[in-house]
Amino acid sequence: MKSRIEKDSLGEVKVPNDALYGAQTQRAIENFDYSYHPLPVSFIKALLRIKRSAAKANAELSEIPDATAKAIIDAVDSLVSAPDLMKHFPVNVYQTGSGTSTNMNANEVIANVAHDRSANIIIHPNDDVNFGQSSNDIIPTCLQLSLAEACVEDLLPAFDQVIGQLDELELVSHDVIKTGRTHLMDAMPISFAQEFATWKFQLSESRERIVSTLGRLTQVPLGGTAVGTGINRHHQYSAKVCELLSEEFKLPIIPCANLASRMSSQDVSLEMHGQLRVLATVLIKVSNDLRWMNSGPNSGLGEIQLRAIQPGSSIMPSKVNPVILESILMMCTKVLGHDTSVAIANQSGNFQLNVMLPLIADLSLSSVDLLTHSLKAMSKKVLSTLTINEKYLEQMVLRNPILITAINRKIGYDLAAKIAKTAQSQQRSILEVAEEMTDITRAELEKLLDPKVLAYPFEKS
């Protein structure tokens, strides 16, 4: 491969002729050559857009010439829409903990593209593109904004789709009564609508938690430069660049009241990932409930039927498994693992800098992606196709010995327990045995033991 010579503060480096990056990126490629695992494309695009806003801010504050800013802005405009963008951003996630290699990668690429598009202007990666910035403030800013944008643009719409479907299922299943379960054992009747409503409430709360964290996530350290003091930037730069970033990302972005806090640690990203962890556990719970309900067809619960989408066994003909739910379980389990890693990464810094910023970015964005796909799969491939086995449920709920709970207050706990045990041992209905062992009329028993009345004890008929 033909190469050219580039220089940095350590000397000369050979760089491929067709590479848009320069010496510092090439050193990073060679130093961190353990695997090819670049940062997510959403992170890189966010970084470029931050560079564009920084150039605009510095020009408006008369810190860099207008022509220099225009060259940087034009370069970013061409890069963010380039189909081969990631070819120019090959630096490994597992690099210097500040993300300096990725920051310099962006600086070098922007400078070279700017020069190619404006041959009469020399753009320096550090002096121009990185003016008023440090990797120590721009990388955590990029982490926070790319994470916030992924939540708003991808995750929240996926939430809304599932919540909307559960709302529809709740409306149509109000009168479908089933046996409730605690400890996996029969309990008092509930409706399918109540089950759907519970899942909907859990997901709605998870959505609210994520939205509540966004306000802190968009308080960024940009302008803190090296150690949070803001050395080498205009005193109005933080406010100006955040104003421009708010327009760029369509988010309420402001400088953090303590810039150093977002550089020395990423508590707010860990907080957001904690909300993602809660969502993962909710989806695991819902997925397992659905798997249990679908179990069978003969020896399981058989309460619902999921659409058959592929053969389930290489040896057992006609077997069909709940594969989408199992896929969701694996994606959500991975998010739980990510959360542990993000927690460890957040505590991994000394004094003024966290040194696992690229890892936090990579795992957080991956978690949003996994959960977005989990919600979409739940919506498109599970909730939209499930059917409820209503006749079977009606038969089973009437055989539930726990129905006797409804007349505890009339006959006492001990007699109620005796009736339930008799009905269960003789495989008879609670109503039939209660009629024999109490002085309550059959008409009153039918009213008291009506599963729908038990599922909705405070609802007027």
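## Contacts, cores and salt bridges in a predicted model

Setting aside residues up to four places away in sequence, Gln165 touches Ser379, Leu383 and Ser384. The structure described here is a predicted model. Gln165 belongs to helix H6, which covers residues 135-172. Its partner Ser379 is 214 residues away in sequence, yet the two C-alpha atoms are 7.1 Å apart in space. Is Gln165 buried or exposed? With a relative accessible area of 17%, Gln165 is buried, because the cut-off for burial is under 20%.

**The nonpolar cores**

In soluble globular proteins, nonpolar side chains tend to be buried together. The largest nonpolar core of this model has 114 residues, and Leu203 and Met378 are the members that touch the most others. Helix H6 provides the largest share of this core, 17 residues. Which residues surround Met378, leaving aside its neighbours within four places in sequence? Met378 is in contact with Val162, Leu283, Val286, Ser287, Leu290, Leu325, Ile328 and Leu383. Leu383 is thus named twice in this account, as a contact of Met378 and as a contact of Gln165.

Apart from the largest core lies another core, of 16 residues, including Ile404, Ile419, Val433 and Leu454. Val433 also appears among the buried residues of helix H16 (residues 430-437), which are Ile430, Leu431, Val433 and Ala434. Seen down the axis of H16, these buried residues fall within an arc of 165 degrees, so they line one face of the helix. They pack against helix H15 (413-425) and helix H17 (442-448).

**Two annotated spans**

According to an unreviewed UniProt entry, residues 11-337 carry the annotation "domain: Fumarate lyase N-terminal". In the model, this span is 59% helix and 8% strand, and its end C-alpha atoms lie 41 Å apart. The unreviewed entry also gives the annotation "domain: Fumarase C C-terminal" for residues 403-454. That span is 69% helix and 0% strand, with its end C-alpha atoms 8 Å apart.

**Salt bridges**

How many salt bridges does a search of the whole structure find? The search finds 26 salt bridges. Three of the pairs are set out below.

| Pair | Closest N to O distance |
|---|---|
| Asp175 and Lys452 | 2.9 Å |
| Glu195 and Lys178 | 2.6 Å |
| Glu243 and Lys240 | 4.0 Å |

The salt bridge between Asp175 and Lys452 has its two residues in separate elements. Asp175 lies in the loop between H6 and strand S3 (177-182), while Lys452 lies in helix H18 (residues 451-455), so the pair ties together parts that are 277 residues apart in sequence. Asp175 counts as exposed, at 52% relative accessibility, because exposed means over 50%. Lys452, with a relative accessible area of 35%, is partly exposed.

The side chains of Glu195 and Lys178 also meet in a salt bridge. This pair links distant parts of the chain, with Glu195 in helix H7 (residues 192-217) and Lys178 in strand S3, 17 residues apart. Are these two residues buried or exposed? Both Glu195 and Lys178 are buried.

The salt bridge of Glu243 and Lys240 is set within a single helix. An α-helix has 3.6 residues a turn, so residues three or four places apart point the same way. Glu243 and Lys240 are three residues apart in helix H8 (residues 237-249), and therefore about one helical turn separates them. Glu243 counts as partly exposed, at 43% relative accessibility.

Salt bridges can also be joined into a network: Arg49, Arg52, Asp77, Glu149 and Glu248 are linked in this way.

**Cysteines**

A disulfide is a covalent bond between the sulfur atoms of two cysteines. The count of disulfides in this model is zero. For Cys242, the nearest cysteine sulfur is that of Cys256, at 10.0 Å, whereas a disulfide requires sulfur atoms within 2.5 Å. Cys242 counts as buried, at 1% relative accessibility. Cys332 is likewise in no disulfide, and the nearest cysteine sulfur, that of Cys151, is 14 Å away. At 0% relative accessibility, Cys332 counts as buried.

Terms used:
Residues numbered from 1 in each chain as written. Predicted model: local features only at pLDDT ≥ 70, side-chain atom pairs only at ≥ 80, totals over all residues. Heavy atoms only, no water. UniProt positions renumbered as here; feature names shortened; annotations may be inferred. Helix = DSSP H or I, 4+ residues; strand = E, 2+ residues; numbered from the N terminus. Buried < 20%, exposed > 50% of the residue type's maximum accessible area, 1.4 Å probe, protein only. Contact = heavy atoms within 4.5 Å. Core = buried A, V, L, I, M, F, W, Y, C linked by side-chain atoms within 4.5 Å. Arc of directions from axis to C-beta.
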